[in-house]
Amino acid sequence: MTSKNSPAQSRNKPLKRPTQGRAKMTVQAIFDTYVRIWQRDGWERVTTRAVALEAGVAVGTLYDYFPSKEALHSGYVRHCIERLLQAVEQQAIEPTGLDWQERVGRLVRLLGGVAGEAAWFHPQMLELEPVIAEQKHQQRAYAELLGIWQRVLEACPDLPGMPPAEQIEALHLMVWGARRYALLAQLPAERLAVLVAEQEQVCLRALSGAS
């Protein structure tokens, strides 16, 4: 009988999450270095040892968090999703005095990757997903990103009406799915901005009940 998590799967997972300020700074330095090496040398040249040395972190310290470069990649993607959710919280949910159109617009622009500090991604990252990420983790990320739509809409007392869950999910798939495919197609930033602006208008019309 095989174990639920094989050794290979376990090595694809981060071992722990930083909780203290210094640990968070260390992990952030590791992520920044990971991106820098990938951009400069490509995925094939990324190694945990190279990241540790360039980040000025002991190799053993890096292994405390990431037992392999696949685990480092998994941790980086998770970090980016958490930063995105935090940005939506801070910019589209928490501010007072915004009408529902502005809240939804900020949500679409953030999810679409044209607002704020967009995380660095590479098309090859999509190819790595089925190798590194387990299905349950994919589903968890999907649920969290879908859930942020509900939270934004609940923060809109002036919204004409709460749309059905199926409509919210359809709008989310339009925006998030387009962002992922735009990454794969490597669309220029200017073109992506135009397309996300069109998506924003589609979302506003759908949520206003306009035909």
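# Salt bridges, core and helix H8

At 17% relative accessibility, Arg 78 counts as buried; the term buried stands for under 20% relative accessible area, exposed for over 50% and partly exposed for the range in between (1.4 Å probe, protein chains only). The model is predicted, so local features need pLDDT of at least 70 and side-chain atom pairs count only at pLDDT 80 or more, while totals for chains, interfaces and linings use all residues. Residues are numbered from 1 along each chain as its sequence is written, and side-chain values use heavy atoms, with hydrogens and water left out.

Arg 78 takes part in a salt bridge with Glu 82 and in another with Glu 144. A salt bridge here is a side-chain nitrogen of Lys or Arg within 4 Å of a carboxyl oxygen of Asp or Glu, and the count by this rule is nine. Three of these pairs are tabulated.

| Pair | Closest N and O atoms |
|---|---|
| Arg 78 and Glu 144 | 2.7 Å |
| Arg 40 and Asp 41 | 3.1 Å |
| Glu 82 and Arg 78 | 3.2 Å |

The pair of Arg 78 and Glu 144 links distant parts of the chain, 66 residues apart: Arg 78 lies in helix H5 and Glu 144 in helix H8. Helices are DSSP runs (H or I, at least four residues) numbered from the N terminus. Glu 82 and Arg 78 are four residues apart in H5, and therefore separated by about one helical turn. Glu 144 is partly exposed at 27% relative accessibility, as is Glu 82 with a relative accessible area of 28%.

Arg 40 is partly exposed at 48%, and Asp 41 is partly exposed at 32%. Both belong to a network of salt bridges that also links Arg 36 and Glu 54.

The largest nonpolar core has 31 residues, among which Val 104, Leu 111 and Trp 149 have the most contacts inside it. Such a core is a set of buried Ala, Val, Leu, Ile, Met, Phe, Trp, Tyr and Cys residues joined through side-chain atoms within 4.5 Å. At least two residues of this core come from each of H5 (69-93), H6 (100-112), H8 (135-154), H9 (165-185) and H10 (189-208). H5 gives the most, with seven residues. A second, separate core has 24 residues, including Val 35, Ile 37, Trp 38 and Met 125.

Contact means heavy atoms within 4.5 Å. Leaving aside neighbours within four places in sequence, Leu 111 is in contact with Leu 84, Leu 145, Trp 149, His 172, Val 175, Trp 176 and Arg 179.

Two of those partners, Leu 145 and Trp 149, are among the buried residues of H8. The others buried in H8 are Ala 141, Ile 148, Val 152 and Leu 153. Seen down the axis of H8, its buried residues fall within an arc of 140 degrees, so they line one face; the arc is that of the directions from the helix axis to the C-beta atoms. H5, H6, H9 and H10 are included in what covers these residues. The face turned away from the buried side carries exposed Gln 135 and Glu 154.

With 20 residues at 1.5 Å each, H8 should span 28 Å, and its end C-alpha atoms are 29 Å apart, which agrees. The expected span is 1.5 Å times one less than the number of residues.

Counting as a disulfide any pair of cysteine sulfur atoms within 2.5 Å, the total is zero. The sulfur of Cys 156 is 12 Å from the closest cysteine sulfur, in Cys 203, too far for a bond. Cys 156 is buried at 6% relative accessible area, and Cys 80 is buried at 7%.
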